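Here is a walk through the fold, going strand by strand and then out to the domains and the ligand. Keep the viewer open while you read.

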Amino acid sequence: MDITLPRRSTRRIYIGNVPIGDGAPVSVQSMCNTDTRDSRATLEQIGRLAAAGCEIIRVAVPDAKAVEALTEIVNHSPIPVIADIHFDYKLAIGALRSGVHGLRLNPGNIGGSQNVREVVAIARERQVPIRIGVNAGSLEKSLLEKYQGVTAEALVESALGHIRLLENENYPWMKISLKASSVPLMVKAYQSLSAQVDYPLHIGVTEAGTVRSGVIKSSVGIGALLAMGIGDTLRVSLTGDPVPEVATGWEILKSLGLRKRGPEMISCPTCGRCQINLTAVAEAVEKALETETRPIKVAVMGCVVNGPGEAREADVGVAGGRDSGLLFRKGEVIKKVSQEEMVEALLEEIRNLPA
Ligand code: SF4
């Protein structure tokens with residue numbers, strides 16, 4: 001039986017055509033690590049990310065040349081584009097004029113209220129949301145002194161300060177992030193902020209590390225928040241090619257039952273009862289299903305003693321025996337196949353599942 005997790009109630013914004021907040025599906029974002037000025041390389045990477053399931057993409061906009069490249073990127077990107085701006089309000093204005101669907105910008109860092117007003121005027125006219133992105137690595141000096149270092153309270157106070165600047169301009173479309181590389185710190189900060197404001201929250205663990213440690217830290221931090229109903233859109237941040245960020249984001253959402261996309265693999269850890277090369281079978285099945293988009297559950301289990309029962313919720317599965325396997329559907333055995341036939345027989349059953 002599916003268990004539905006609570007979702008905190010938030011306001012709705014749209015990044016392009018992607019809804020965020022107010023019960024919208026938690027969306028998966030990523031960020032390009034190409035040079036934005038190289039629009040070709042950036043679009044190529046956006047294409048790969050979109051194919052992997054990325055729904056919103058962010059690009060760094062460090063200078064005027066990057067702003068110039070934005071028009072082409074926005075016009076050819078298959079998914080909405082967010083411009084990531086630091087300090088320079090003119091870059092923000094240029095990015096908005098290029099047609100970006102979202103801005104990431106901290107209004108307290110762009111040189112005063114007149115600059116905020118100018119950015120907000122164009123963002124309002126174009127109905128472009130702004131993400132306030134507070135980061136533990138770049139907190140205001142005054143807050144570091146007040147709290148004697150980076151604390152959850154300091155992160156929240158920083159966010160509330162930036163929020164106030166936009167609220168002073170009656171600007172309604174914002175989302176907030178409070179990222180830190182420490183999981184307990186980011187969890188505590190998001191919990192605190194979510195109790196104080198109802199803007200949608202963009203969640204993530206920043207500088208989470210390479211794939212091995214980053215996947216775990218992100219899954220624990222993002223997963224803990226989502227399990228409490230906190231978080232409206234997410235980004236897993238990993239060092240290296242961003243495509244695995246997207247797959248990890250989807251796996252987090254799938255594992256919590258918040259989204260469905262492609263197959264969910266169930267395979268046992270094996271034990272002394274297993275008499276087949278289960279790893280090879282599971283890997284072959286997983287590889288064959290790389291382009292499968294139906295939200296199906298597929299089980300690859302080590303033995304017939306417990307396998308079909310342990311994987312009862314799977315749409316289809318195989319359980320190994322002595323040189324053979326049993327194919328099963330929803331826990332019911334349907335036929336016996338030889339070890340050599342096992343993978344193909346399972347794939348055939350999967351092809352026959354209803355669309
Ligand atoms: Fe062991 Fe069988 Fe369970 Fe796999 S399915 S862990 S082989 S008992």
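## Starting in the big picture's middle

Ile 82 stands opposite Gly 102 in S6. That pair belongs to a parallel pairing, in which strand S5 (residues 81–84) and strand S6 (residues 102–104) are joined by three bridges. Bear in mind that this is a predicted model.

Now zoom out a bit. S5 and S6 are part of an open sheet of eight strands, ordered S8-S7-S6-S5-S4-S3-S10-S9, with parallel pairing. Why do strand S8 (174–179) and strand S9 (202–203) each have one side without a neighbour in the sheet? They stand at the edges with a single partner strand each, so nothing in the sheet flanks the other side.

## Two domains

The domain assignment splits the protein chain into domain 1 (13–255) and domain 2 (264–351). Taken over C-alpha atoms, the centres of domain 1 and domain 2 are separated by 40 Å.

UniProt, in an unreviewed entry, lists residues 10–250 as "domain: IspG TIM-barrel". It also lists residues 264–351 as "domain: IspG C-terminal", again in an unreviewed entry. Here is how the two spans look in the model:

| Span | Distance between end C-alpha atoms | Helix | Strand |
|---|---|---|---|
| Residues 10–250 | 21 Å | 45% | 17% |
| Residues 264–351 | 15 Å | 28% | 31% |

## The five-strand sheet

Another open sheet has five strands, in the order S11-S12-S13-S14-S15, and its pairing is mixed. S11 and strand S15 (332–338) take the edge positions, each with a single partner strand, so one side of each has no neighbour in the sheet. From one strand to the next, the twist averages 20 degrees.

Let's go through the pairs, beginning at the S11 edge. Strand S11 (residues 264–267) pairs with strand S12 (residues 297–301) in the parallel sense, over four bridges. Within that pairing, Glu 264 sits opposite Lys 297 in S12. What handedness does the β-α-β unit of S11, helix H10 (residues 278–288) and S12 have? The unit is left-handed, so it's one to look at in the viewer.

Further along, the pairing turns antiparallel: strand S13 (residues 316–320) and S14 are joined by four bridges. Gly 317 has Phe 328 in S14 as its bridge partner. The hairpin of S13 and S14 has three residues between the strands, and there Asp 323 takes a positive phi near 55 degrees.

At the other edge, strand S14 (residues 324–329) and S15 run antiparallel, with six bridges joining them. Two of the facing pairs put a leucine against a lysine: Leu 327 is opposite Lys 335 in S15, and Leu 326 is opposite Lys 336 in S15. The hairpin of S14 and S15 has two residues between the strands, with Lys 330 at a positive phi near 50 degrees.

## Around the ligand

Which residues are closest to the ligand? They are Cys 268, Cys 271, Cys 274, Gly 302 and Cys 303, out of 13 residues that surround the ligand. By character, the shell divides into seven nonpolar, four polar and two charged residues.

Terms used. Residues numbered from 1 in each chain as written. Predicted model: local features only at pLDDT ≥ 70, side-chain atom pairs only at ≥ 80, totals over all residues. Near = placed C-beta within 6 Å. Nonpolar A, V, L, I, M, F, W, Y, C, P; charged D, E, K, R; others polar. UniProt positions renumbered as here; feature names shortened; annotations may be inferred. Pairing = 2+ DSSP bridges. Right-handed = clockwise from strand over helix to strand, strands pointing away. Domains from an automatic or database assignment. Axes fitted to C-alpha atoms, helices over the stretch in contact; angles between N-to-C directions.
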